[in-house]
Amino acid sequence: MTSFAPYIVFLPFIGFLVLGLFGSRIKSEKLIGIIGSGVVGVSFAIAMAIFVQMVGEEPHARKHVVELFTWISAFTGTASSIHVVVAYQVDQLSILMTLIVTGVGFLIHVYSIGYMHGDAGFWRFFAYLNLFIFAMLNLVLADNFLLMFLGWEGVGLCSYLLIGFWYDRKFDVGGYAAGTATTNDAARKAFIVNRIGDFGFILAMLLIFHTFGSLRFDSVFNGAELMSIGNQAAFWITLLLFVGATGKSAQIPLFVWLPDAMAGPTPVSALIHAATMVTAGVYMVARCSILFALAPTTLQVVAIIGALTAIVAASIGLVQNDIKKILAYSTVSQLGYMFLALGVAAFSAGIFHLTTHAFFKALLFLGSGAVIHAMHDEQDIQKMGGLKKYLPTTYKTFLIGAIAIAGIFPFAGFFSKDEILWKAFSSEHGSVVMWAIGVIGAGLTAFYMFRLVILTFEGTFRFGEEVHPHEAPKTMTVPLIILAFLSLVGGFIGVPKSFFGNNMIEHWLAPVFEPASTKLLLIEEGVHATEYVLMALSLGIAAAGIYGAWKVYTKRPDIAESLRNKYTKVYSLLLNKYFVDEVYDKTVVGPTVKLSEKLLWKGFDVAVIDGALNGMASLVSVTALWFRKIQTGIAQTYAVVFVGGIVFVLAWLILK
Amino acid sequence: MSLNIADFVSSSPLMAVTATALLLILVEASRKGRPGLSFTLSMAGLFAASVFAVVNYSDEQIVFFGMLRQGWYANFLNLVFLSAAMLTVLVSKPYLERQGAHRGEYYILILFATIGMMFMAGANDLIVVFLGIELMSLCLYVLAGFFRTKDTSNESALKYFLLGAFATGFLLYGITLIYGTAGTTNLEAISKNLPTLSSQWMFMVGVGLLLTAFAFKVAAVPFHMWAPDVYEGAPTTVTAFMSTGAKAAAFATFVLLFHQVFQFTGSKVNDLIAYIAAASMVLGNVIAIAQANIKRMLAYSSIAHAGYMLSGIAAGNSEGQTGILFYLVAYTLMNVGAFGIVGLMEKVDDQNLQLDDYTGLSQQRPFLAALMAIFMFSLAGVPPFAGFFGKYYVFLSAVKADMTWLAVVGVMTSLVSAYYYLRIVVLMYFRDGKGDVAAQPAIPALVAVTSSAILLLQFGIFPSFIVNAVQKLF
């Protein structure tokens with residue numbers, strides 16, 4: 001069955017080709033939707049079948065590599081020989097990612113049929129979505145760094161195309177003056193910021209090839225197992241890889257693009273900017289766990305960046321008013337948790353949170369899409385309210401998502417977030433401070449999520465007479481219900497020992513992370529009394545956050561008002577996202593633009609490049625003129641030149 | 001010594017084309033004025049020969065009393081020649097019909113030229129090499145003058161013939177000198193005695209004369225001067241065939257002689273070839289920029305491409321051989337494709353042959369424009385098209401042979417070449433057209449150019465398919 005793995009990857013590509021080439025001729029939206037969703041659905045079915053087969057295998061025999069063809073082969077037989085094969089690797093980690101990408105992806109495709117109904121670019125949207133799934137599957141199923149990078153770049157391209165899908169719409173992008181930017185600028189910002197990270201990835205790849213002489217995961221990781229902790233090369237490789245991860249997964253300092261990526265249609269935000277693409281960095285670090293295990297310093301960096309991002313993004317989320325931007329900052333914050341987990345060497349906890357987050361964050365985004373749909377493209381939650389009456393299904397499912405992300409027992413988020421917090425506390429790579437940051441972040445998360453829920457669904461209507469909210473069609477609500485169900489029970493795949501579970505996901509992933517665990521001498525610890533205390537604490541703080549939001553936004557709106565007035569500075573700091581965009585604008589973007597304009601454009605480009613080019617051009621025309629004199633059209637001249645050539649050849653051979 | 005059935009079997013591609021050509025002569029003699037039948041028969045014969053070539057893709061063996069060497073090498077190139085011939089035949093039919101010169105002997109000449117090429121690639125004796133070259137060249141002289149009422153076509157044929165005869169003289173003289181020193185024209189025997197031979201200056205003069213003759217055939221600087229005039233004046237589809245099949249055949253012999261027989265590495269011969277390569281790349285690319293006529297531009301481009309491929313010969317290593325063979329496949333596809341489109345665009349009386357005539361093509365013939373863009377990108381060496389890997393492999397071989405400077409020249413001149421290739425793309429896509437540019441496309445020609453484009457993409461993404469075919473049987 002595993003030999004079918006390439007079909008998982010190529011089916012969405014076929015969908016892309018069909019829709020991309022003939023989409024504009026297909027008149028029926030239904031047919032386009034069926035093709036677009038169908039290919040992803042079939043991919044999911046194949047992935048599921050492979051998964052079922054793998055469950056029946058010995059844990060250490062679950063890795064399968066399917067080779068397709070040699071892609072690049074050069075310098076064979078020498079020390080610098082390079083041999084890149086297009087091959088897909090199915091193992092516990094990649095099949096889990098594949099199931100998430102195709103499963104959640106399928107639901108979002110179905111949802112989009114309703115959401116994009118009537119859009120002029122309906123076929124284009126589905127073509128891009130299918131291309132995205134193809135690239136993402138290449139990323140997770142690749143068996144070498146180069147193919148992974150191809151997927152990495154591919155998802156970046158699709159992200160760019162989809163953020164700017166409505167390329168002519170106005171959109172306020174951080175760093176631009178209000179009212180001057182379009183969604184296209186948001187797309188460009190995402191792309192350029194990601195380039196910085198991608199550059200790190202490229203450098204890491206070159207260094208990997210230099211160090212291990214291969215780009216294949218197997219060879220690299222086997223080589224890494226023989227190295228000792230603290231290896232210099234491993235440090236630089238992992239640091240550069242992490243730079244790549246901060247770009248794709250929107251971590252400090254490169255997180256600024258993700259909130260603006262909300263310019264894209266909401267299903268895109270759900271699929272690419274919440275459930276799958278942005279977790280690519282997490283997946284990549286987990287995939288390279290053995291390399292990171294060799295570099296404790298990098299792990300430390302990862303943990304600190306993760307924890308910082310978690311709390312910074314959560315605090316920004318407290319005061320935002322755009323429903324999608326709140327969710328965007330929430331995503332940044334949750335990704336921070338995942339990196340915190342990876343940084344304290346709790347790789348499977350990071351992947352566990354990635355999984356549950358995919359469920360509830362996709363749910364929340366799709367729910368917000370249903371709200372926006374109902375409100376005729378209104379996204380300001382201050383202008384909503386009381387929507388639960390009109391959108392009962394959306395409300396219920398959204399509430400489940402909010403409870404799940406807040407981390408209330410027994411919803412999915414509870415188990416995965418608690419696992420991270422416990423590891424942050426107990427691991428020798430973690431610390432009490434990191435745990436504390438995590439817990440405070442959890443409290444903030446609960447607060448801003450319920451602020452969002454209450455302002456949107458509860459209380460009184462704050463919209464005009466002309467708006468008539470209506471529940472979304474079945475194609476949109478059914479995915480919501482399925483995702484709500486998953487957000488409810490998704491956590492049960494990782495019930496810890498302290499709850500008399502056996503943490504299935506950790507056992508499932510164990511063989512993948514075994515080399516790293518062995519290297520770091522991680523031991524499986526038993527049940528601690530402390531764990532219960534900490535758990536109760538974090539639950540209490542989450543509950544307090546929810547209560548606080550409820551109190552402030554239903555009973556005492558004056559509290560919010562007075563807090564805002566009392567702490568104007570703090571409020572404006574948070575509302576303006578710590579002025580990060582402005583700081584980048586002053587320190588990086590502005591000087592770069594100035595430098596480009598003054599020195600590179602008017603100095604280097606005009607003087608040097610154009611000068612050289614014009615010089616070349618006149619040189620060419622002079623030479624051409626000269627040659628035209630010889631190129632007379634008279635055959636005798638040609639014969640003379642010919643003879644000249646022969647004389648030269650013979651003289652060279654005889655005299656030299 | 002006696003004639004074996006096995007000899008015929010192993011050279012069945014050659015036999016198939018010969019039989020078809022002979023049959024066509026009979027057909028033409030008995031049923032005059034039915035060129036459609038000749039078209040069909042020649043396609044069938046070429047296709048059958050390709051099938052035989054695939055079936056016989058195996059270890060090499062010497063056949064016909066040591067005259068021919070048949071096996072993977074000959075058949076790899078046979079497939080290139082046959083593809084070039086088939087694509088040319090496909091684009092020729094509508095072109096000749098439109099130009100009012102659709103006559104059956106055209107196909108016969110194409111087939112005989114192909115036979116000559118196949119002799120060249122499968123030769124095991126200098127005499128066979130010579131016979132092959134002459135058979136091919138004579139057919140091409142006639143083909144170049146196929147529009148016999150047109151001055152330009154006649155001029156092209158005459159110039160090609162005069163200079164070709166000139167080059168043949170030196171080729172024959174070179175063979176004579178080699179025979180004089182080696183006492184044989186058999187390639188295997190020469191290869192065996194090489195250590196003693198290469199110290200004799202007379203032998204080296206012979207080699208030098210062979211080198212000039214082949215440099216003439218591939219249109220390398222300074223033996224290139226005929227190419228622009230001939231390419232411009234000949235019927236466009238004949239130019240397509242000359243610039244691909246004939247060039248591939250010359251390179252086939254080049255590789256055969258210089259890689260496999262003489263086996264020079266790091267010698268002064270390699271240096272000499274490197275200079276010729278560098279001069280061709282620089283000159284071809286620079287002068288191409290100044291051209292306004294697309295056929296002339298492609299002629300200079302083909303001089304430059306000869307330079308790229310010669311880098312592989314100069315390198316003299318196995319990578320060079322792989323690189324050239326790969327390059328030939330890519331080059332054949334993209335050049336036949338480009339000339340095919342030029343042929344589709346061309347109107348009677350040499351209309352629509354200027355670069356400006358391609359302005360705004362994307363609006364009127366989006367499909368043709370897209371194909372032309374693919375060929376231009378591939379010629380410029382942009383991935384994911386096969387042209388990229390062709391360049392990659394020959395430059396790689398130069399680097400491995402410690403001729404990094406040659407690879408640098410190659411890359412720099414490729415950069416220059418992007419200017420004139422992409423200018424066509426710019427004209428087609430970013431300028432408004434003046435209306436009615438394209439002639440009515442015809443099905444066989446469209447089939448040919450489309451399949452060329454698809455194959456370019458395929459070999460650009462899966463280069464290992466061809467590389468394995470070359471290396472597996474090394």
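Here is a walk through a predicted model with a chain A and a chain B, from the cores to the interface and then to the salt bridges.

Let's start inside. The largest nonpolar core takes in 203 residues, and the ones with the most contacts inside it are B:Ile190, B:Phe251, B:Phe258 and B:Phe262. Helix H15 of chain B, residues 318-345, supplies the largest share of this core, with 17 residues. There is also a second, separate core, this one of 196 residues, and A:Cys158, A:Ala250, A:Leu342 and A:Phe398 are among its members. For a closer look at the first core, pick out B:Ile190. Setting aside neighbours within four places in sequence, B:Ile190 is in contact with residues including B:Leu126, B:Ile178, B:Leu197, B:Phe203, B:Val261 and B:Phe262.

Now for the place where the chains meet. Here 30 residues of chain A are in contact with 41 residues of chain B. About 3,200 Å² is buried between the two chains, and carbon and sulfur atoms give 79% of that. On the chain A side, A:Gln631, A:Phe642 and A:Leu653 lose the most area to chain B, together accounting for 21% of what that side buries. What about charges across this boundary? The rule finds zero salt bridges between chain A and chain B, though five residue pairs are in polar contact there, both residues being at pLDDT 80 or more. Strand S1 (64-74), helix H24 (580-630) and helix H25 (635-655) of chain A each give two or more residues to the side touching chain B. H25(A) gives the most, with 14 residues. By type, the chain A side splits into 23 nonpolar residues, six polar and one charged.

Salt bridges do turn up elsewhere: the structure holds 20 over all chains. In one of them, the side chains of A:Arg287 and A:Asp91 meet at 2.9 Å, N to O. A:Arg287 sits in helix H11 of chain A and A:Asp91 in the loop between strand S2 and helix H3, so this pair ties together parts that are 196 residues apart in sequence. Both A:Arg287 and A:Asp91 are buried.

Over in chain B, B:Arg296 and B:Asp229 form a salt bridge at 3.3 Å, N to O. This pair links helix H14 to helix H11 of chain B, across 67 residues of sequence, and both partners are buried. Shared partners join B:Glu155, B:Lys159, B:Asp229, B:Glu232 and B:Arg296 into one salt-bridge network.

One more pair is worth a look: B:Glu97 and B:Lys93, whose closest N and O atoms are 3.4 Å apart. These two lie four residues apart in helix H4 of chain B, which means about one helical turn separates them. B:Glu97 is partly exposed, at 43% relative accessibility.

Conventions. Residues are numbered from 1 along each chain as its sequence is written. Chains are lettered from A and ligands numbered from 1 in the order in which they are written. This is a predicted model: local features need pLDDT of at least 70, side-chain atom pairs count only at pLDDT 80 or more; totals for chains, interfaces and linings use all residues. Side-chain values use heavy atoms; hydrogens and water are left out. A nonpolar core is a set of buried Ala, Val, Leu, Ile, Met, Phe, Trp, Tyr and Cys residues joined through side-chain atoms within 4.5 Å. Buried means under 20% relative accessible area, exposed over 50%, partly exposed in between (1.4 Å probe, protein chains only). Contact means heavy atoms within 4.5 Å. Buried area is the accessible area (1.4 Å probe) that two parts lose on being put together, summed over both. A salt bridge is a side-chain nitrogen of Lys or Arg within 4 Å of a carboxyl oxygen of Asp or Glu. A polar contact is a pair of N or O atoms within 3.5 Å; within protein, one must be able to donate a hydrogen and the other to accept it, and residues adjacent in sequence count only if both atoms are side-chain atoms. Ala, Val, Leu, Ile, Met, Phe, Trp, Tyr, Cys and Pro count as nonpolar, Asp, Glu, Lys and Arg as charged, and the others, Gly among them, as polar.
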